Amino acid sequence: MPATPPLSLDDMDRQSLFHPVTSISDHITSGPVVYTRGDGVRLTDQHGREVIDMGAGLWCVNVGYGRAGLADVAASAMRELSFQHLFGSAASEPAIRLADRLLNLFRREACAPQMARVFFGTSGSDANDTAFKLVRYYNNLLGRPRKKKIISRLGAYHGVSCASGSLTGISAYHKGFDLPLPDVVHVSCPHYYRHGLPGESEAAFAARMVAELRATIEREGPDTIAAFIAEPVMGTGGVVPPPAGYFQGVQKLLAEHDILFIVDEVITGFGRTGSWFGSGKYALEPDIVSLAKGLTSAYFPLSASIVSERVWRVLEATSRTTGAFMHGFTYSGHPVGCAVALANLDIIAGEDLVSRSEKMGRYLLARLRESIGDNPFVGDIRGTGLMVGIEFVADRARRQDFPAEGAAHRLVAKRAQERGVLTRALPFLPVTSFSPPLTVTEAEIDEAVERYAGALGDVLPQLR
Ligand code: PLP
């Protein structure tokens, strides 16, 4: 019998790998793009083609690719203590040191002295699951079993597990999975450019969003609402910074009704918005904070949930009678991940990447506005720090969308990839995001913007 020829990597992928958030039919036709190396802001694929990754993976490679120092830290941590869980009071030095450092960093940089303890996981989704369960646990301990519902916003992205996926306010992630679960309520997306009424000021729009939240709380019954969850700046939902005054109004309302505030900083944490945390930037007072991505710059899967004194006090006071806190993951506080996170925080602080994000973000915004701001299909270019979005419209004056099929932002992103720049065409609105590593230089931004503008020029005939 003749020997079967070995499969190409492409075919092996098609026959074995189940890709997340991928069209199965498209994948079977086009196959994978296999990346083999990363260095700084650049990735190389298996054919030796280089691209500038203006997405930093999935908004996560904050310190850039290929940091040998982080690889060395991981290797030495693995040699020292390859695994240690945190169940039943067990601990490891990296986990203890990271909890202490995170708590102090967040308290200082987010002006949040109320934060009390750090719980570790491995992904943004599980951090939000931890928050989801914690608010139930807290209210059950307080003898308020009816106070369970969580309010989220349309367009929000909080993950894909059953609980965090329910908090996500993008229907594409619910379809076919019988989500959202009960006890999750979605309110409007506070996106002024898209939902502001003609002649309505940003402040009036924010007040209208807060009034809608108030009406929702009253309709559902304040005694049934446990928490409100929000990203400081919406990411996947379209790079939407909060309208001025919005969070002040929201927080007042939450305080009035004894509702916890879960702040999802999975993207915004660790410099992405030009501040260490979105909570500090927008004067948020969280009860629970979710962190992941930039915590290790994705050199290791690690997440953290920081819990406030208000929540912690109840857990601690009732502990003798409730018994052990029965939630946690095998990899909660993995010592290798925690060692990598500590070294990653050293890099962010040592290279002052937070200020750099602010400065380069302004440069990126200016360069995009200069080069494509006049394009008839570019409605809005916005962002803060290195979290920037371009919103496409079929009709600028009326802010009208393209028919979904030929969504402009997807066409441009696809062409841009062919021209050597990776951006993300987002799933909720016709918005493309730019979120490069915080190390990106002006020259790299110039190169990326030039390639992207070229791609837009290439597809222009298809948009008309
Ligand atoms: N929360 C936010 C704001 C996110 O952007 C994401 C992922 O993009 C998540 C949560 C979920 O994180 P993960 O994909 O690590 O589960």
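In which sense do β14 and strand β15 pair, and over how many bridges? In this predicted model, the two strands, with β15 spanning residues 431-434, run antiparallel and are joined by two bridges. Within this pairing, arginine 424 is found opposite serine 433 of β15.

The pair belongs to an open sheet of four strands, ordered β11-β12-β15-β14, in which the pairing is antiparallel. The edges of this sheet are taken by β11 (378-384) and β14 (424-425), each of which pairs on one side only. Helix α14 (residues 353-372) packs on the sheet and touches β11, β12 (387-392) and β15. The direction of α14 makes about 170 degrees with that of β11. Helix α16 (residues 442-463) also lies across β11, β12 and β15, and α16 runs at about 10 degrees to β12.

A further open sheet of four strands follows the order β1-β2-β3-β13, and here the pairing is mixed. Its edge positions belong to β1 (35-39) and β13 (421-422); each has a single partner strand, so one side of each is left without a neighbour in the sheet. The partner of β13 is strand β3 (residues 50-53), as the order of the sheet shows. These two strands run parallel and are joined by two bridges, with aspartate 53 standing opposite leucine 422 of β13. Helix α16 comes back into view at this sheet: it lies across β2 (42-45), β3 and β13, at about 105 degrees to β3. Helix α16 thus lies across strands of the β11-β12-β15-β14 sheet and across strands of the β1-β2-β3-β13 sheet.

Attention now turns to the ligand. The residues around the ligand are Ser123, Gly124, Ser125, Asn128, Tyr157, His158, Gly159, Glu231, Asp264, Val266, Ile267 and Lys293. By character, this shell divides into three nonpolar, six polar and three charged residues. Helix α6 (residues 124-141) gives the most to the shell, contributing three residues.

Several polar atoms of the protein can be placed beside the ligand. The side chain of serine 125 has an N or O atom 2.6 Å from an oxygen atom of the ligand, while a polar backbone atom of glycine 124 is 2.9 Å from a ligand oxygen atom. For tyrosine 157, a backbone N or O atom lies 3.4 Å from a nitrogen atom of the ligand. On its own, the ligand has 390 Å² of accessible area, and the protein covers 82% of that area.

Technical notes
Residues are numbered from 1 along each chain as its sequence is written. This is a predicted model: local features need pLDDT of at least 70, side-chain atom pairs count only at pLDDT 80 or more; totals for chains, interfaces and linings use all residues. Side-chain values use heavy atoms; hydrogens and water are left out. A residue is near a molecule or strand if one of its heavy atoms lies within 4 Å of it. A polar contact is a pair of N or O atoms within 3.5 Å; within protein, one must be able to donate a hydrogen and the other to accept it, and residues adjacent in sequence count only if both atoms are side-chain atoms. Accessible areas come from the Shrake-Rupley method with a 1.4 Å probe; for residues, only the protein chains shown count as cover. Ala, Val, Leu, Ile, Met, Phe, Trp, Tyr, Cys and Pro count as nonpolar, Asp, Glu, Lys and Arg as charged, and the others, Gly among them, as polar. Two strands pair if DSSP finds at least two bridges between them. Contact means heavy atoms within 4.5 Å. Axes are lines fitted to C-alpha atoms, for helices over the stretch in contact, and angles run from 0 to 180 degrees between N-to-C directions.
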